[in-house]
Amino acid sequence: MSGDTPSSAVKKTVLAVAALVFLGLWTATPFVYESQSLYYKFGVDKALLHWGKASGMAVAGLMVFQVVLMSRFAWMDRLLGVKFLFRVHQFIGIAVALLVILHPLLVLWADGFTFFPLEVRYWPEFLGSFTLAAALALVGASLARNRLGIPYKFWQVSHRVSAPLVIAMALIHGGTVSGTFDHAVPLAGLCLLGGLAAALIVRRRLKR
Amino acid sequence: MKRLFYISIAALVLGVASPSWAAEWKMDPLHSAVQFEIKHIFSTVFGRFSDFDGAMVFDPDNLEKSRFDFTVQVASVDTDNTKRDNHLRSKDFFAADEFPAMRFVSSAVTHKGGDTYLVRGTMTIKETSTEMEIPFVFHGVTPSPFKKSQMVAGFDTEFSLDRLAFGVGNGKFYKMGVVGKTVQVRISVEALGS
């Protein structure tokens, strides 16, 4: 933060704290608004399921945060610098990739790795599996674009098209698979996040 | 002449009285059901198993040769709640990965009266095998209304069993007063023979 004016340092701090508080509260939602499936878990299994749900919440929150970062608000670009924003965007992308693997691992572990059967009624879980694969492909393609020989323009267009789809799938998966969203407050939060992401994406599209 | 007449009549009556169907029956899964119900705090949770099969040899006039062999695939449990069903498949209850099927194999069938019979046999759920006596109703045999050459037999049974005796659950939910231990089972079978 050297070279910052006192007011810009304060603003950066406030932004960072606000982001961490929001993400922290959002991630902690399953601990406060428990789903009924948690009632039937005890000890280690309960902790696994709690943290599995929390990691899923973190994925969703960070995905929407990615949209905020890449919205190119002039005041944000000025305050934080475009390079910094892109670095944070990349860092969070890696964090999302790790969390998106951790989430189903912990959730399935809580049930002794009892996999759901191939039945249509498990579509929210299948949607989650597809979202996992899509998110990993999105991050993987970005990180290894040069190694994979993906032309920049093609990667840029496909990244901008697929990222909103992955976010939408993640939010729909979360909203339909978890009993946490049977509670009004988390459901309202989910809808707000989805609405915010959609509004920012549309705004960005219209500005180009 | 008279003797020949009476012998013919007797043969005709005996021919009508004896069954014109074979005693071997194959379960028709499309028109059979395996259902269960169990207490949850105050309410009753209803469920079914959608994947099952059975072979029956049943002749009410020859019960010594009658036998039932019935298998239910545990993973097909359906209580209309995907989370609960997956929990039931887990090691907390059925451990479906390790014990994929429940099986009942009969050892004897006796007639209780009317259309009610009693089948004695071994019920195996998870790693526990227990002798059980299960009453059932035999509704009879009729040619299929759709295909006269196809014989159809009907069976119905209702019985209860203690899930904890078979290790389906470790008793924690029962002690908490959440899930009962007595499971009411209802099986309705239409079986096809030749």
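**Exercise 1. A pocket in chain A**

How much space lies in the second largest pocket? Describe what surrounds that space, keeping in mind that this is a predicted model.

*Solution.* Start with the volume: the second largest pocket holds about 880 Å³ of space. Next, look towards the middle. The lining counts 33 residues, and those closest to the centre are Met70(A), His89(A), Trp155(A), His159(A) and Ala163(A).

Now trace the lining back to secondary structure. At least two lining residues come from each of these helices of chain A: H3 (43–69), H5 (82–110), H6 (123–143), H7 (145–148), H8 (152–177) and H9 (184–207). The most is given by H8(A), which supplies nine residues. Finally, sort the lining by class: 18 residues are nonpolar, nine are polar and six are charged.

**Exercise 2. A nonpolar patch**

Find which residues make the nonpolar surface patch of about 490 Å², and place Leu105(A) within the fold.

*Solution.* The patch is made by Leu102(A), Leu105(A), Trp109(A), Phe113(A) and Phe115(A). Pick out Leu105(A), and you will find yourself in helix H5 of chain A. The relative accessibility of Leu105(A) is 41%, so this residue counts as partly exposed.

**Exercise 3. Three salt bridges**

Work out where the partners sit in the salt bridges Lys41(A) with Asp111(A), Arg121(A) with Asp85(B), and Lys181(B) with Asp162(B).

*Solution.* A general idea helps here: side chains of opposite charge can pair when their charged atoms come close. Over all chains, the structure has 16 salt bridges. Let's take three of them in turn.

Step one: Lys41(A) and Asp111(A) meet at 2.5 Å, N to O. Lys41(A) is in the loop between helix H2 (36–39) and H3 of chain A, while Asp111(A) is in the loop between H5 and H6, so distant parts of the chain, 70 residues apart, are linked. Under 20% counts as buried, so Lys41(A) at 6% is buried, and Asp111(A) at 14% is buried too.

Step two: Arg121(A) and Asp85(B) meet at 2.7 Å, N to O. This pair crosses between chains, going from the loop between H5 and H6 of chain A to helix H2 (residues 82–89) of chain B. Arg121(A) is partly exposed at 25% relative accessibility, whereas Asp85(B) is buried at 0%.

Step three: Lys181(B) and Asp162(B) meet at 4.0 Å, N to O. Lys181(B) lies in the loop between helix H3 (172–176) and strand S11 (182–193) of chain B and Asp162(B) lies in strand S10 (residues 151–162), so the bridge ties together parts 19 residues apart in sequence. Lys181(B) is partly exposed, with a relative accessible area of 29%, and Asp162(B) is partly exposed at 26%.

One last look at shared partners: salt bridges join Glu119(A), Arg121(A), Arg48(B), Asp78(B) and Asp85(B) into one network.

**Exercise 4. Positive phi in chain B**

Locate Ile41(B) and Asp80(B), two residues with positive phi, and decide whether each is buried or exposed.

*Solution.* Begin with Ile41(B), which is not a glycine yet has a positive phi of about 50°. Ile41(B) sits in the loop between strand S2 (33–40) and strand S3 (43–49) of chain B, and its relative accessible area of 51% makes it exposed.

Turn next to Asp80(B), another residue other than glycine, whose phi is near 65°. Asp80(B) is in the loop between strand S6 (77–78) and H2 of chain B. At 73% relative accessibility, Asp80(B) counts as exposed.

Terms used: Residues are numbered from 1 along each chain as its sequence is written. Chains are lettered from A and ligands numbered from 1 in the order in which they are written. This is a predicted model: local features need pLDDT of at least 70, side-chain atom pairs count only at pLDDT 80 or more; totals for chains, interfaces and linings use all residues. Side-chain values use heavy atoms; hydrogens and water are left out. On a 1 Å grid over the protein atoms alone, a cavity is a set of points where a 1.4 Å probe fits but cannot get out, and a pocket is an open set with protein on both sides within 12 Å along at least five of seven lines; lining residues have an atom within 4 Å of a point. Grid points are joined across faces, edges and corners, and a volume is the space filled by probe spheres set on the points. Helices (H or I, at least four residues) and strands (E, at least two) are DSSP runs, numbered from the N terminus. Ala, Val, Leu, Ile, Met, Phe, Trp, Tyr, Cys and Pro count as nonpolar, Asp, Glu, Lys and Arg as charged, and the others, Gly among them, as polar. Patches are made of residues with over 30% relative accessible area and no salt bridge: like charges are joined within 9 Å, nonpolar side chains (Val, Leu, Ile, Met, Phe, Trp, Tyr) within 5 Å. Accessible areas come from the Shrake-Rupley method with a 1.4 Å probe; for residues, only the protein chains shown count as cover. A salt bridge is a side-chain nitrogen of Lys or Arg within 4 Å of a carboxyl oxygen of Asp or Glu. Buried means under 20% relative accessible area, exposed over 50%, partly exposed in between (1.4 Å probe, protein chains only).
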